[in-house]
Amino acid sequence: MSPTREYLYEKGFLFSAILSGSIVFLIFAFMLIMGLPLFKGNQVVALIKNDWLPARGVYGIYPMVVATLAISFFSLALAFPLSLGCAFFSGSIAPPRIARVFRKMIQIMTGIPTVIYGFVGIFLLVPIVREFTTSTSGLCIFSASLMLGIMISPTLILFFTDSLEAVPKSFLDAADALGATRVQKLLYVMVPQAKKGILAGLILALGRALGDTMVALMIAGNAARVPESLFDAARTLTAHIALVIAADYESFEFRSIFACGLVLYAFIALMVLGVRWIGMTNKR
Amino acid sequence: MLDRVVIAFSWISAVIIVGAVCAIFGHIILNGAGTIKLSLIFGDVAPLDALLLKRQVLNGLFPAVIGTLLLILISVMWAVPLGLGTGIYLAEYAGAISKKIFNLFFDILAGIPSIVIGLFGFALAIFLHKNVSNNIGPCLLISSMALAFLVLPYIIRTTQVALEELPREMRLTALALGATRLQNIRHVLLPRALSGITTGVILAIGRCAEDTAVILLTGVVAMAGIPHSLMGSYEALPFYIYYISSQYTSPEELLTGYGASLILLVLCIGLFSAAFLIQKRLTYITLYRA
Amino acid sequence: MNPVSHENTKIRVTDLSFFYREREVLKKVNVGFAESKITALIGPSGAGKSTFLITLNRLWESIPEARMTGKVEIKFSGMYRDIYEKSFPLPTLRRRVGMVFQTPNPLPMSIYRNVAFPLKLAGEKDRKIISQKVEEALDRAYLWDEVKDRLNEDAINLSGGQQQRLCIARALVMEPEVLLLDEPTSSLDDSAGRVIEDLILSLKEKLTILVVSHYLEQVKRLADKSIRFSEGSVIN
């Protein structure tokens with residue numbers, strides 16, 4: 001093979017890397033440029049602080065930020081203990097055969113399309129919620145958090161299980177030799193060792209919850225006001241983007257969705273940096 | 001005492017998650033299985049006529065199925081060469097510092113919510129509409145590009161990890177025989193890393209098939225028929241399911257929604273199982289590297 | 001302590017130091033190797049013998065966080081060439097300086113294609129020439145008779161000793177002038193090791209051979225000269 005060809009290929013690989021990398025930058029740039037009219041004067045503060053009242057010309061995204069944080073928080077509050085329990089189960093408590101089948105099932109679960117979670121949410125979960133709670137339609141933060149919690153669990157479980165299993169076998173042997181029970185071994189040897197991995201998994205799952213569109217769009221009710229209880233309807237940032245897209249392209253209303261995009265982008269970037277930071281402290 | 005609490009907690013968690021999975025699958029299968037007939041796909045049109053595009057299918061899933069398949073095909077055509085090239089660069093050529101920076105970029109790309117990528121696609125369409133040609137709007141082309149951006153990190157990472165995991169001896173063997181860097185990649189490293197790379201491509205296909213948020217903003221519509229060009233709008237299975245869930249007018253229509261859900265579910269589960277089958281150690285740690 | 005440079009010195013190493021991360025693995029090594037002789041590199045493990053070998057074909061350049069200073073010259077067609085010179089193409093160097101590793105490392109392909117692989121890398125297309133050279137190399141490596149009827153079998157099916165001879169054949173097919181052997185028999189049993197020793201002895205007429213070895217017996221049987229390494233330095 002000639003040196004020129006070698007050189008061309010190398011530059012080709014470099015070019016694809018630069019192209020791929022520039023997408024990350026481009027997405028940010030587009031959000032910023034499209035949302036630019038929003039950043040004149042002190043409108044930014046108003047944008048994030050105000051309610052969404054299009055009839056009065058007030059286009060604040062505060063209710064959406066609150067709803068996003070609420071739904072993410074509650075879904076994680078549900079998914080975290082559930083996933084930890086499942087990871088204990090598949091990593092230590094369950095008999096090996098059952099653990100294997102269980103793990104297969106969880107892997108397969110990661111393949112369920114999000115729109116299916118939404119669909120099942122509407123037609124199975126929402127009627128039940130309507131029946132047993134104060135929510136009149138059943139479309140509320142509670143329903144969305146529940147479904148979202150189930151949806152992000154498989155990722156968390158697999159991540160936790162991987163972290164638990166990454167604990168060096170010599171540590172486990174040492175614990176065995178000291179007469180530790182299965183649970184003691186799990187709690188005092190495996191979990192402390194896997195703490196960083198568990199934290200990283202948690203942050204990534206939070207990212208998934210924040211970024212989810214379909215479940216929130218389909219079963220959270222999409223009311224653009226600040227929710228007051230778990231059983232209020234609410235609209236997340238992601239759902240807001242999906243719902244406002246049809247508006248006039250030059251309107252302030254339309255521009256506001258790019259602010260939503262920027263907020264989501266910033267959340268995610270912070271999270272990735274957080275996970276990296278954990279990874280770095282891990283190596284020391 | 002503590003032992004018992006932890007054991008009970010683990011079992012209860014496992015039972016809840018198994019219950020949830022059974023509820024989801026059960027609900028879709030029980031309601032959807034009855035609808036699985038040829039007419040679900042083709043409506044009143046003879047299958048062969050539909051496949052040869054002789055007659056338009058108006059009351060079946062055919063256009064949505066074709067739309068989804070086209071979407072997958074075109075997105076993968078964008079994403080695979082780009083992702084493969086990037087993965088090879090990162091694993092085999094990049095220096096320590098540029099690798100760190102690129103890795104950070106792709107971690108962020110992997111985390112960006114799909115609706116934001118959809119919004120980017122939408123903004124890109126507006127931009128092109130204003131600055132290049134009036135004919136460009138949200139369409140199959142824009143959707144496939146946006147989806148390609150969405151799945152790019154999967155392909156980059158699996159390629160990079162598959163190459164980096166190869167043992168050092170294998171890396172040196174061909175070099176010691178006088179292979180150039182490129183020959184080593186082409187003849188030794190890539191063939192060895194193939195299963196890992198395939199897994200990434202399959203996962204990417206699965207993501208393209210199931211994603212709704214990206215296409216929602218970039219050109220999918222409820223009624224478009226078979227797309228005639230890359231510049232046209234199109235239908236897709238996941239969007240159809242979303243659409244039916246909010247706009248259904250009769251129980252029969254809702255049932256086709258269940259049918260579509262079942263088809264999509266089987267497709268995606270099949271793809272993910274295949275990916276896990278090919279690579280048993282497909283861990284979430286490789287997909288979300290810290 | 002400059003190496004005595006005779007007329008028949010094939011390899012000349014001057015002030016060679018090697019660093020891995022912050023550790024100095026080789027410290028200002030000065031040594032020469034005679035043409036058509038077998039030189040054994042001996043000494044405790046971790047003394048830098050294997051590292052020294054890969055400075056002679058620049059293979060260490062593929063190892064991250066490694067660094068080298070000093071000069072290595074090899075006499076090709078009567079002229080000493082600095083192998084670290086920019087104009088010296090790396091693939092050419094590696095074809096002239098063959099290497100065999102401690103554990104046999106056949107590539108995942110057939111016996112025939114393993115041996116033909118370096119020819120393919122060098123761009124040889126003529127099938128007749130390829131098959132002729134493959135046979136020659138296998139013959140020189142004492143393997144032809146054992147594999148001539150199963151050339152298309154996967155190389156992984158061969159025994160350990162056969163695999164190692166295959167790797168030697170693969171190194172010989174480019175007709176190198178120098179052969180580097182890194183403990184070539186340590187993963188094999190005694191009888192398989194003996195076959196390899198005989199084979200190495202039969203090659204020395206045409207080749208300059210450097211062999212890292214831990215076995216004193218083996219060094220006695222094989223080597224014309226031995227060089228002892230200790231903590232990264234050569235001891236005379």
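Tutor: Let us start with a cut-off: a salt bridge is a side-chain nitrogen of Lys or Arg within 4 Å of a carboxyl oxygen of Asp or Glu. By that rule, this predicted model has 22 salt bridges over all chains.

Student: What makes the pair B:Lys99 and B:Glu164 a salt bridge?

Tutor: The two side chains meet at 2.8 Å, N to O. The cut-off is 4 Å, and the rule asks for Lys or Arg on one side and Asp or Glu on the other. B:Lys99 and B:Glu164 at 2.8 Å therefore qualify. In general, side chains of opposite charge can pair when their charged atoms come close.

Student: Why is this pair said to link distant parts of the chain?

Tutor: B:Lys99 sits in helix α5 (residues 96-111) of chain B, while B:Glu164 belongs to helix α7 (residues 140-164) of chain B. The two are 65 residues apart.

Student: How do you know what kind of fold chain B has, in helices and strands?

Tutor: The DSSP runs of chain B give 13 helices and zero strands. Read along the sequence, the pattern is α-α-α-α-α-α-α-α-α-α-α-α-α. Chain A comes to eleven helices and two strands, and its order from the N terminus is α-α-β-β-α-α-α-α-α-α-α-α-α. As for extent, the C-alpha trace of chain A spans about 70 × 70 × 35 Å along its principal axes, and that of chain B spans about 70 × 70 × 35 Å.

Student: What makes chain B and chain A partners in contact, and how many residues take part?

Tutor: Contact requires heavy atoms within 4.5 Å. On that test, 81 residues from chain B and 90 residues from chain A take part. Together the two chains bury about 7700 Å², and carbon and sulfur atoms give 82% of that area.

Student: How do you know which charged pair joins chain A to chain B?

Tutor: The count between chain B and chain A is one salt bridge. The pair is A:Arg276 with B:Asp107, at 3.0 Å from N to O. That distance is within the 4 Å cut-off, and Arg and Asp are on the list, so the name fits. The interface of chain B and chain A also holds eight residue pairs in polar contact. On the side of chain B that touches chain A, helix α1 (residues 2-32) of chain B gives the most, with 19 residues. By class, that side has 60 nonpolar, 15 polar and six charged residues.

Student: And what is the count of salt bridges between chain B and chain C?

Tutor: The count there is zero salt bridges, which means that no side-chain pair between them passes the test. Four residue pairs are in polar contact across this interface. On the side of chain B that touches chain C, the elements that give two or more residues are α8 and α9 (181-210) of chain B. The largest share, seven residues, comes from α8(B). That side divides into seven nonpolar, five polar and three charged residues. Overall, 15 residues of chain B contact 20 residues of chain C, burying about 1600 Å², 69% of it on carbon and sulfur atoms.

Student: What makes a residue part of the lining of the second largest pocket, and which residues lie nearest its centre?

Tutor: A lining residue has an atom within 4 Å of a point of the pocket. For the second largest pocket, 24 residues line it, and B:Arg168, B:Glu169, B:Leu172, C:Ile63 and C:Phe101 lie nearest its centre. The volume of the second largest pocket is about 650 Å³.

Student: Which elements supply at least two residues of that lining?

Tutor: They are α8 (168-176) of chain B with β1 (9-20), β2 (23-34) and α1 (49-55) of chain C. The most comes from α8(B), with five residues. By class, the lining divides into 14 nonpolar, six polar and four charged residues.

Note on methods. Residues are numbered from 1 along each chain as its sequence is written. Chains are lettered from A and ligands numbered from 1 in the order in which they are written. This is a predicted model: local features need pLDDT of at least 70, side-chain atom pairs count only at pLDDT 80 or more; totals for chains, interfaces and linings use all residues. Side-chain values use heavy atoms; hydrogens and water are left out. Buried area is the accessible area (1.4 Å probe) that two parts lose on being put together, summed over both. A polar contact is a pair of N or O atoms within 3.5 Å; within protein, one must be able to donate a hydrogen and the other to accept it, and residues adjacent in sequence count only if both atoms are side-chain atoms. Helices (H or I, at least four residues) and strands (E, at least two) are DSSP runs, numbered from the N terminus. Ala, Val, Leu, Ile, Met, Phe, Trp, Tyr, Cys and Pro count as nonpolar, Asp, Glu, Lys and Arg as charged, and the others, Gly among them, as polar. On a 1 Å grid over the protein atoms alone, a cavity is a set of points where a 1.4 Å probe fits but cannot get out, and a pocket is an open set with protein on both sides within 12 Å along at least five of seven lines; lining residues have an atom within 4 Å of a point. Grid points are joined across faces, edges and corners, and a volume is the space filled by probe spheres set on the points.
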